[in-house]
Amino acid sequence: IPMIIALTRFKQLNNTQRFLSYLLMISFLVEIIANLLWYQQMRNLAVYNSFAIVHFNLILLIYLNQLGKSWIRPLKIFVICFNSFFLIDTFILREIDDFRYYFNSNITTTASLVFVLLALKYFHKLLKEIKYQKLEKNPLFWISAGLTLYYSGTLILFLLGNQVNKNEDAALHYEIALAAWGLNSVFNLILITTY
């Protein structure tokens, strides 16, 4: 729904909303590809693991576009460090099959922490400003609210993601995975709604 709204109103959107629209379009495409692979009984985790880096960079572009010059250097450092960590973790620290068979919880956990800290820093900036703002009309407020709710709610899930996969008891593994990804879906709906 947010992607359809973004596409129908694309010419009226500001830069922040356009970056968010690109994120929504890529996310929609990732979900289609992942579901097609799933229905073909093929592994789809490589699609989600690849999306993590794209998602991180687009979110940071949104913040770079909206925040003052004092934020440019720290955000660029985040981008360089995170992208380097992604490459090192994916191609050096892990076996190449891990990218297809395991959820990259290191990358997602790191991104989660960065997003929550970034959103909290943005809220702190809003509180320090003297001028009155209509927060309901501020796209970055809603993006930050969604990121805070989603990533603080699913941080433990991402942190423990691969530990669940290593569990020997198949029935217990299935029950835990079902509950965890159900919780993820609820938080994801909240995130998409804020978008």
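Let's start with the surface, where Leu87, Ile88, Phe91, Ile92 and Leu93 form a nonpolar patch. Together these five residues have about 550 Å² of accessible area. Keep in mind, please, that what you have on the screen is a predicted model.

Let me pick one residue out of that patch, Ile92. It sits in helix H4, which covers residues 72-93. Is Ile92 buried or exposed? The relative accessible area of Ile92 is 64%, and the cut-off for exposed is over 50%, so Ile92 is exposed.

Now stay in helix H4, but move along to Leu75, which is also placed in that helix. Here the relative accessibility is 1%, and Leu75 counts as buried because that value is under 20%. So within helix H4 we have an exposed residue, Ile92, and a buried one, Leu75. Leu75 also has a partner for us to look at: Leu64 is eleven residues away along the chain, and the two C-alpha atoms are separated by 7.0 Å.

Let me step back for the overall picture. How many helices and strands are there in the protein? There are eight helices and zero strands. If you read along the sequence, the pattern is α-α-α-α-α-α-α-α. The protein has 195 residues, and buried ones make up 38% of them.

On to the pockets, and I'd like to show you the second largest one. Its volume is about 420 Å³. Four elements give two or more residues to its lining: helix H1 (2-8), helix H2 (15-39), helix H7 (139-165) and helix H8 (170-194). Which of the elements gives the largest share of the lining? That is H2, with four residues. The lining has 20 residues in total, and those that lie nearest the centre of the pocket are Ile5, Leu13, Gln17, Leu20 and Tyr195. Sorted by class, the lining holds eleven nonpolar residues, six polar ones and three charged ones.

Since we are talking about H2, have a look at Asn15, which is found in that helix. Asn15 has a relative accessible area of 46%, which makes it partly exposed, because that value falls between the 20% and 50% cut-offs. Along the sequence, Asn15 and Gln66 are 51 residues apart, yet in space their C-alpha atoms are 8.6 Å apart.

Following the chain out of H2, we come to a loop that leads to helix H3 (45-66), and Gln41 has its place there. What is the phi of Gln41? It is near 60°, a positive value in a residue other than glycine. As a reminder, most residues other than glycine have a negative phi. Gln41 also counts as exposed, with 77% relative accessibility.

One last stop, and then I'll take your comments. Thr110 is found in helix H6, residues 105-128. With a relative accessible area of 27%, Thr110 is partly exposed. Thr110 and Phe85 are 25 residues apart in sequence, and from C-alpha to C-alpha they are 9.4 Å apart in space.

So, to close where we began: if you turn the model back to the nonpolar patch, look for Ile92 among its members. Thanks, everyone!

Terms used. Residues are numbered from 1 along each chain as its sequence is written. This is a predicted model: local features need pLDDT of at least 70, side-chain atom pairs count only at pLDDT 80 or more; totals for chains, interfaces and linings use all residues. Side-chain values use heavy atoms; hydrogens and water are left out. Patches are made of residues with over 30% relative accessible area and no salt bridge: like charges are joined within 9 Å, nonpolar side chains (Val, Leu, Ile, Met, Phe, Trp, Tyr) within 5 Å. Accessible areas come from the Shrake-Rupley method with a 1.4 Å probe; for residues, only the protein chains shown count as cover. A salt bridge is a side-chain nitrogen of Lys or Arg within 4 Å of a carboxyl oxygen of Asp or Glu. Buried means under 20% relative accessible area, exposed over 50%, partly exposed in between (1.4 Å probe, protein chains only). On a 1 Å grid over the protein atoms alone, a cavity is a set of points where a 1.4 Å probe fits but cannot get out, and a pocket is an open set with protein on both sides within 12 Å along at least five of seven lines; lining residues have an atom within 4 Å of a point. Grid points are joined across faces, edges and corners, and a volume is the space filled by probe spheres set on the points. Ala, Val, Leu, Ile, Met, Phe, Trp, Tyr, Cys and Pro count as nonpolar, Asp, Glu, Lys and Arg as charged, and the others, Gly among them, as polar.
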